[in-house]
Amino acid sequence: DDQEETAPHALDDITSPQYQAFVFLSQDMRALNEYVATGRLARLFGLLSLYYSTKGATWSDSSGWITSGNECEWYSAQSICNE
């Protein structure tokens, strides 16, 4: 019996940080198209996943996070954008 086990995918789990990031990104298709066109999608998805996985809503300072503004303006994210 050569059944291949498949690991659960993070986007299939509605409680995962990756799923929450996906939902955030999919709420505005026009913005999503801009993220793809400007090469920002992977960085934004990573930052959103970080935010959700570390319970960003409870941070002592989450200024600007999870806003419609550019992710490079989010508190402490500037260093990632400058690399």
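Where is S76 found? S76 is found in the loop between helix 3 and helix 4. The legends below describe this loop and other parts of a predicted model.

**Figure 1. The whole chain contains four helices and zero strands.** Along the sequence, the pattern is α-α-α-α. The chain has 83 residues, of which 24% count as buried. Among contacts in the chain with a separation of 6 or more, 39% are between residues 24 or more positions apart.

**Figure 2. Helix 1 and helix 3 cross at roughly 125°.** Two packed helices are described by the angle between their axes and the distance between the axes. Helix 1 covers residues 17-26, helix 3 covers residues 41-53, and their axes come within 8 Å. An angle from 65 to 115 degrees would count as roughly perpendicular, and one over 145 as roughly antiparallel. The crossing is at roughly 125°, and the two helices are therefore oblique to each other. The handedness of the crossing is right-handed.

**Figure 3. Residues from both helices make the contact between helix 1 and helix 3.** Helix 1 contributes P17, Q18, Q20, A21, F22, F24 and L25. Helix 3 contributes L41, L44, F45, L48, S49, Y52 and S53. Sorted by class, the residues in this contact are 10 nonpolar and four polar, with no charged residues.

**Figure 4. F22 is a residue of helix 1 that touches L11 and F45.** These two contacts leave out residues up to four places away in sequence. F45 belongs to the helix 3 side of the contact between helix 1 and helix 3, and F22 to the helix 1 side. L11 is 11 residues from F22 along the chain, and the C-alpha atoms of the two are separated by 7.6 Å. How accessible is F22? Its relative accessibility is 42%, so F22 counts as partly exposed.

**Figure 5. S16 and A10 are joined by an interaction in the segment before helix 1.** The side chain of S16 reaches the backbone oxygen of A10 at 2.6 Å. Is S16 buried or exposed? S16 has a relative accessible area of 6% and is therefore buried. A10, with a relative accessible area of 32%, is partly exposed. Apart from residues up to four places away in sequence, A10 touches S16, Q18 and Y19. The C-alpha atoms of A10 and Q20 are separated by 9.8 Å, and these residues are 10 apart along the chain.

**Figure 6. L50 of helix 3 touches W59 and W65.** Residues up to four places away in sequence are not counted here. L50 has a relative accessible area of 39%, so this residue is partly exposed. A21 and L50 are 29 residues apart along the chain, and their C-alpha atoms are separated by 9.0 Å. A21 is one of the helix 1 residues in the contact with helix 3.

**Figure 7. E71 lies in the loop between helix 3 and helix 4 and makes a polar contact with R43.** Helix 4 covers residues 78-81. The polar contact runs between the side chains of E71 and R43, at 3.0 Å. Is E71 buried or exposed? Buried means under 20% relative accessible area; E71 has 1%, so this residue is buried. With neighbours within four places in sequence left aside, the residues in contact with E71 are R40, R43, L44, L47, A77 and C81. One of these, L44, is also part of the contact between helix 1 and helix 3.

**Figure 8. K55 has a positive phi, although this residue is not a glycine.** Most residues other than glycine have a negative phi. The phi of K55 is near 55°. K55 lies in the loop between helix 3 and helix 4. Its relative accessible area is 57%, so K55 is exposed.

**Figure 9. S76 also has a positive phi without being a glycine.** For S76, the value is about 70°. Like K55, S76 is found in the loop between helix 3 and helix 4. The relative accessibility of S76 is 44%, so S76 counts as partly exposed.

Definitions and conventions
Residues numbered from 1 in each chain as written. Predicted model: local features only at pLDDT ≥ 70, side-chain atom pairs only at ≥ 80, totals over all residues. Heavy atoms only, no water. Axes fitted to C-alpha atoms, helices over the stretch in contact; angles between N-to-C directions. Parallel < 35°, antiparallel > 145°, perpendicular 65-115°, else oblique. Left-handed = near helix turned anticlockwise from the far one by under 90°. Contact = heavy atoms within 4.5 Å. Nonpolar A, V, L, I, M, F, W, Y, C, P; charged D, E, K, R; others polar. Buried < 20%, exposed > 50% of the residue type's maximum accessible area, 1.4 Å probe, protein only. Polar contact = N/O pair within 3.5 Å; in protein donor to acceptor, adjacent residues only side chain to side chain.
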